[in-house]
Amino acid sequence: MNGKKKILSFLLAGALAVFPVCARAASGGVGGSVVSAGNEQSKVTLSLFYSGGAQAVRTVKVAGTSGSYVMEGLEQGVYVLKATKYQHVPREYMVAVIDGTLVQDVELRLQGDASGDGRVNMGDTAQVFAYARGIGSFKDAYA
């Protein structure tokens, strides 16, 4: 080994001793059921991001109006699970992966479906107008 390689090896070994490689062990997962109304042909896309991250760590698609998903082999940490489907209101869930598989069920509603009955009709419009005028409320956390 020449002098430059010895110095580089020494510096690299020192850097690794001071700043150890932090390879987080894959130890957990997230999974659950997926429910969406309407349009059987469109798939629900589930994308998992590190909290504050811009690039998906994992992405899965679920066909139809109901199904299940699982994302395993995840590093411990806090993630954002984003669920989208054509003509549906997108949702985000904060999930903390520790050990084992965390259950996070996903529900997507059609755009305009304020009641959650799987249809968009005049009842939804009336509910939204009542809420906007301050004389009505939504009965569930989704709205």
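**Briefing: fold, sheet and salt bridges**

Along the sequence, the elements of the protein follow the pattern α-β-β-β-β-β-β-β-β-α. The model is a predicted one. It contains two helices and eight strands. The points below cover the protein as a whole, one four-stranded sheet, the residue Ser47 in strand S2, and the three salt bridges found in the structure.

**Whole protein**

- The protein has 143 residues, and 27% of them are buried.
- Its accessible surface is about 9200 Å². Carbon and sulfur atoms account for 59% of that surface.
- When contacts are counted between residues at least 6 apart in sequence, 53% of them join residues at least 24 apart.

**The sheet S3-S2-S5-S6**

- Four strands make up an open sheet, arranged in the order S3-S2-S5-S6 with antiparallel pairing.
- Strand S3 (56-62) and strand S6 (91-97) are the edge strands, each pairing on one side only.
- On average, neighbouring strands of this sheet are turned by 20° against each other, with direction ignored.
- In general, the strands of a sheet pair through backbone hydrogen bonds, in either a parallel or an antiparallel way.
- Six bridges link S2 to strand S5 (residues 77-84), and this pairing is antiparallel.
- One bridge of interest involves Phe49, whose partner in S5 is Val80.

**Ser47 in strand S2**

- Ser47 belongs to strand S2, which covers residues 44-50.
- Is Ser47 buried or exposed? Its relative accessible area is 12%, under the 20% limit, so Ser47 counts as buried.
- The side chain of Ser47 makes a polar contact of 3.4 Å with the side chain of Thr59.
- With neighbours within four places in sequence left aside, Ser47 is in contact with Ala56, Arg58, Thr59, Val80, Leu81 and Lys82.
- Two residues in that contact list return elsewhere in this briefing: Val80 is the bridge partner of Phe49, and Lys82 takes part in a salt bridge.

**Salt bridge Lys82-Glu92**

- The search of the whole structure gives three salt bridges. One of them joins the side chains of Lys82 and Glu92, at 3.8 Å from N to O.
- Lys82 is in strand S5 and Glu92 is in strand S6, so this pair ties together parts that are ten residues apart in sequence.
- Lys82 has a relative accessible area of 30% and is partly exposed.
- Glu92 is exposed, at a relative accessible area of 55%.

**Salt bridge Glu107-Arg109**

- The side chains of Glu107 and Arg109 form a salt bridge with an N to O distance of 3.2 Å.
- How do the two ends sit with respect to the surface? Glu107 is partly exposed, with a relative accessible area of 31%, whereas Arg109 is buried at 6%.

**Salt bridge Asp117-Arg119**

- Asp117 and Arg119 form a salt bridge in which the closest N and O atoms are 3.2 Å apart.
- Arg119 has 51% relative accessibility; the limit for exposed is over 50%, so Arg119 counts as exposed.
- Asp117 is partly exposed, with a relative accessible area of 36%.

Conventions: Residues are numbered from 1 along each chain as its sequence is written. This is a predicted model: local features need pLDDT of at least 70, side-chain atom pairs count only at pLDDT 80 or more; totals for chains, interfaces and linings use all residues. Side-chain values use heavy atoms; hydrogens and water are left out. Buried means under 20% relative accessible area, exposed over 50%, partly exposed in between (1.4 Å probe, protein chains only). Contact means heavy atoms within 4.5 Å. Accessible areas come from the Shrake-Rupley method with a 1.4 Å probe; for residues, only the protein chains shown count as cover. A polar contact is a pair of N or O atoms within 3.5 Å; within protein, one must be able to donate a hydrogen and the other to accept it, and residues adjacent in sequence count only if both atoms are side-chain atoms. Two strands pair if DSSP finds at least two bridges between them. Axes are lines fitted to C-alpha atoms, for helices over the stretch in contact, and angles run from 0 to 180 degrees between N-to-C directions. A salt bridge is a side-chain nitrogen of Lys or Arg within 4 Å of a carboxyl oxygen of Asp or Glu.
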